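Hi everyone, thanks for making time for this. I'd like to walk you through one structure today, so have your viewers ready.

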Protein chains: 10
Amino acid sequence: MLFLAHMVVNLPPSMPEAEATAIRAKEREYSQALQRDGRWVELWRVVGEYANYSVFDVHDNDELHTLLSGLPLFPYMNITVTPLARHPSRIAEKP
Amino acid sequence: MLFLAHMVVNLPPSMPEAEATAIRAKEREYSQALQRDGRWVELWRVVGEYANYSVFDVHDNDELHTLLSGLPLFPYMNITVTPLARHPSRIAEKP
Amino acid sequence: MLFLAHMVVNLPPSMPEAEATAIRAKEREYSQALQRDGRWVELWRVVGEYANYSVFDVHDNDELHTLLSGLPLFPYMNITVTPLARHPSRIAEKP
Amino acid sequence: MLFLAHMVVNLPPSMPEAEATAIRAKEREYSQALQRDGRWVELWRVVGEYANYSVFDVHDNDELHTLLSGLPLFPYMNITVTPLARHPSRIAEKP
Amino acid sequence: MLFLAHMVVNLPPSMPEAEATAIRAKEREYSQALQRDGRWVELWRVVGEYANYSVFDVHDNDELHTLLSGLPLFPYMNITVTPLARHPSRIAEKP
Amino acid sequence: MLFLAHMVVNLPPSMPEAEATAIRAKEREYSQALQRDGRWVELWRVVGEYANYSVFDVHDNDELHTLLSGLPLFPYMNITVTPLARHPSRIAEKP
Amino acid sequence: MLFLAHMVVNLPPSMPEAEATAIRAKEREYSQALQRDGRWVELWRVVGEYANYSVFDVHDNDELHTLLSGLPLFPYMNITVTPLARHPSRIAEKP
Amino acid sequence: MLFLAHMVVNLPPSMPEAEATAIRAKEREYSQALQRDGRWVELWRVVGEYANYSVFDVHDNDELHTLLSGLPLFPYMNITVTPLARHPSRIAEKP
Amino acid sequence: MLFLAHMVVNLPPSMPEAEATAIRAKEREYSQALQRDGRWVELWRVVGEYANYSVFDVHDNDELHTLLSGLPLFPYMNITVTPLARHPSRIAEKP
Amino acid sequence: MLFLAHMVVNLPPSMPEAEATAIRAKEREYSQALQRDGRWVELWRVVGEYANYSVFDVHDNDELHTLLSGLPLFPYMNITVTPLARHPSRIAEKP
């Protein structure tokens, strides 16, 4: 079941650079583990912003919330989740 | 080059049903041709709305505008386009 | 899996009263069938508005979209869907 | 008498972790006492956000304000309250 | 129990003047009956707008919705309702 | 001449509790003096928020601004003022 | 007593040109009478919009509402009124 | 003196195609005359929208308003004008 | 050439009172010099807010930006500028 | 390929003046290098704001994001990017 997530990161400028680097490294590791197990399906940077659009494939809402609230950057992000359904004009297979 | 597009459809309730059916059939055909040639990469329905999120892969902005303004439903849609860039945490290959 | 839906109805004032009455009767029947089969869990009127908040319990996003887009009033409503998860402070059983 | 409340929590990132843990424990205790006495009827987490939707059943507006302004997290929350009325299509008994 | 209501009227310019006059007369009669029985406590015009702020004193949410949805102008109004509570600094008696 | 004021209080969480208590006591005293002299006509708490709706009866705009900018909490509030006029449907005397 | 008013005109494109011309002529006459008697103090066009900013000098809110609701274009305008007070840095006399 | 203008076109779907074609042809002619005389300096289509961003070089605000309000599509557009100033980091000559 | 400016002041509550007093004194002096030389034509306080509406008469956009960005309170203000044009219904001379 | 960027700068008032001066100097140098190599095509100050509108000419979205996220002021800016396409009414050559 697919969901689109829009995530905007707001790291406080007062955060020491070492702390910011560490949290970003953890975020990257966390994200890549989820990409490898097939649940974080798409991940794009929004041009000109410290923000991303992502697509998640999960079994239910609880799984998605557990996944998102576990993000190392979660306390510094505004996340908006949009549930997606199959579009009637979508062709069955990608070329 | 990837773009996310959010399209909201507003068909006037006064449009005769036959006209609405015809325009939707044309839209579907147009959309599927672009999906098959690899430029309309993703297409999802937003749950509970007559709207979609789509991802397009095009060579440049002009190609995307030509493609979108040619949609049979274009006169009845509000479209918002977000340019996407590669995310530094994205893994190279999907599982 | 639970979702909160906010539905705002905009029937055009020009719609003949008989047509409006008929569509509202169909909506009521459709809604009550879904309440009886346990998928339309809660249904409240927003005070002072032709709008409601509803809770749905469905298996996945596709089922919810099918259900909502089948509403007789769907062409006249703005619907916003919010996916809900279990709250960690929620007690297991209602009193 | 029912009210829907949307609560968004904004704990300042500068709050010491021990203080945040303590305030969240108090909030949980406070919430569960109200759930047990039947006034905090529903409590759901919004997926991807530090926010909830709740339903309260109280005798009047003053009781609801007393209850909400007593929340341990009240100084850190934005709360929006929507008064709910009986919906004419609601069936009398849940299945 | 008090509620503040903000009502904005949008009569379509295409409505025949006789019809508009009739509906406004009914609205006035309806409003004055409620003012006399003590439930429509305050009624002010917003300067420069076809809108009002009103205060209602009712027993519960259902009574308020019945009252508001019965307004002759209801199909042409956007109404926003704010539940009010006693303010701790309010003095007991007006001078 | 009547004005509706919507006041939202934003005391910084970092303010020492003694300072907050003192400023709230001054605010209360200031407010009650104005209620007693008949210029602060109505004062209601918005349910679930640290906010109020108030009605003021003053001679002119300058008097209202002097009154509002003198509020002890003024530096911590967002205030929106709406000028009110007599409504043509208002009955002359309250019941 | 001064008020700033922002007026946006929305004449329906379907209005016959003769009717639009007539209503604009009446509006102009009405406006100029008020400018001459000293109550419509300032009147500026917003560049690129069918809108204006105006300053009115009236005795009270009721006079202003009577004046604005009498505008021939009133049924086709969105008006926002801002009450103005004397600024403490304003010099007594214009150069 | 430079201004950025954002223009959004809303032609009513009910406008006969011949009328729409004629008005668009006039708009094009009008626009190109202003481009040739050096006052309409830049003109870009917003991707995915019936909208443009334009830069105008005029002597003063009145000249700009005359120019914009004379656009054949003016009754069908929402225009927002932003005054531009020289940026201190701008280099004197384009490469 | 006239411009309307809306200025909202946000002095941080943590600013020492002496510093706030000093910056306000400089602002006042700066403002009065511009009022005296005829470029700051109007200056009104918005009732209930630490904000003003002002009218400026300058030769061009660059002059206005230089003037506004030189305000002692500029780093603490949100300013919105609206270019004004002559209104066709304006009478030539004020009474 | 052209993009319009709107950049709003929010330097925290608590930043030491020397640090602010240094970062602004780096920003200027960075900006001028990009203007000289032809990728930062236009750069205008928004009158009355610490903000700019810019036009960039780049090969693709990734190049633009690299360029913008490398801005020395990037952590202190809100940037909105609008992709631009050729307008059908644009004349081939500037006068």
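I'll start with the sheet, go on to the way the chains are related, and finish with the salt bridges. Please keep in mind throughout that this is a predicted model.

Let's begin with chains A and B. If you colour by strand, you can follow a barrel that 8 strands close between them. Going round, the order is β1(A)-β3(A)-β2(A)-β4(B)-β1(B)-β3(B)-β2(B)-β4(A), with antiparallel pairing. On average, neighbouring strands of this sheet are turned by 35° against each other, ignoring direction.

Zoom in on one pair of those strands. In chain A, strand β2 covers residues 40–46 and strand β3 covers residues 51–57; the two run antiparallel and 5 bridges join them. For a landmark, find A:Glu42, which has A:Val55 of β3(A) opposite.

Now the helices on this sheet. Which strands does helix α1 of chain A lie across? Helix α1, residues 17–36, lies across β2 and β4 of chain A, and the helix runs at about 140° to β2(A). In chain B, helix α1 (residues 17–36) lies across β2 and β4 of that chain, again at about 140°, this time to β2(B).

That brings me to symmetry. Chain B can be superposed on chain A with an RMSD of 0.0 Å, using a turn of 180° and a shift of 0.0 Å along the axis. As for the contact residues of chain B, 100% of them recur in chain A, and the same surface serves both copies.

Over to chains I and G. Laying chain I on chain G takes a turn of 180° and a shift of 0.0 Å along the axis, and the RMSD is 0.0 Å. That is how copies are related by a two-fold axis. What is more, 100% of the interface residues of chain I are interface residues in chain G too, so these copies meet through the same surface.

Some chains, on the other hand, have no contact. Chain D does not touch chain H, and their nearest C-alpha atoms are 29 Å apart. Chain F does not touch chain H either, with nearest C-alpha atoms 25 Å apart.

Back to A and B, and to the interface itself. How much area do chain B and chain A bury between them? The figure is about 3,000 Å², with 60% of it on carbon and sulfur atoms. On the chain B side, B:Trp44, B:Arg45 and B:His87 lose the most area to chain A, together 21% of what that side buries. Counting residues, 30 of chain B are in contact with 30 of chain A.

Now for charges. Side chains of opposite charge can pair when their charged atoms come close. Over all chains, the count is 40 salt bridges. Between chain B and chain A there are 2. The side chains of B:Glu42 and A:Arg90 meet in a salt bridge, at 2.7 Å from N to O.

Chains I and G have a pair to look at as well. I:Glu42 forms a salt bridge with G:Arg90, and the closest N and O atoms are 2.7 Å apart. I:Glu42 is in strand β2 of chain I while G:Arg90 is in the segment after β4 of chain G, so this pair joins two chains. Is I:Glu42 buried or exposed? I:Glu42 has 5% relative accessibility and counts as buried, because the cut-off is under 20%.

Other pairs stay within one chain. B:Arg39 forms a salt bridge with B:Glu63, with 2.8 Å between the closest N and O atoms. This pair links distant parts of the chain, 24 residues apart: B:Arg39 is in the loop between α1 and β2, and B:Glu63 is in helix α2, residues 61–69. B:Arg39 is partly exposed at 27% relative accessible area, whereas B:Glu63 is buried at 17%.

In chain I, I:Arg39 forms a salt bridge with I:Glu63, the closest N and O atoms being 2.8 Å apart. I:Arg39 sits in the loop between α1 and β2 and I:Glu63 in helix α2, so the pair ties together parts 24 residues apart in sequence. I:Arg39 is partly exposed at 28% relative accessibility, and I:Glu63 is buried at 18%.

One last stop, in chain A: a network of salt bridges links A:Asp37, A:Arg39 and A:Glu63. Thanks for listening!

Terms used: Residues numbered from 1 in each chain as written. Chains lettered and ligands numbered in written order. Predicted model: local features only at pLDDT ≥ 70, side-chain atom pairs only at ≥ 80, totals over all residues. Heavy atoms only, no water. Pairing = 2+ DSSP bridges. Helix = DSSP H or I, 4+ residues; strand = E, 2+ residues; numbered from the N terminus. Axes fitted to C-alpha atoms, helices over the stretch in contact; angles between N-to-C directions. Contact = heavy atoms within 4.5 Å. Least-squares fit on C-alpha atoms with pLDDT ≥ 70 in both. Salt bridge = Lys/Arg side-chain N within 4 Å of Asp/Glu carboxyl O. Buried < 20%, exposed > 50% of the residue type's maximum accessible area, 1.4 Å probe, protein only. Buried area = accessible area lost by both parts, 1.4 Å probe.
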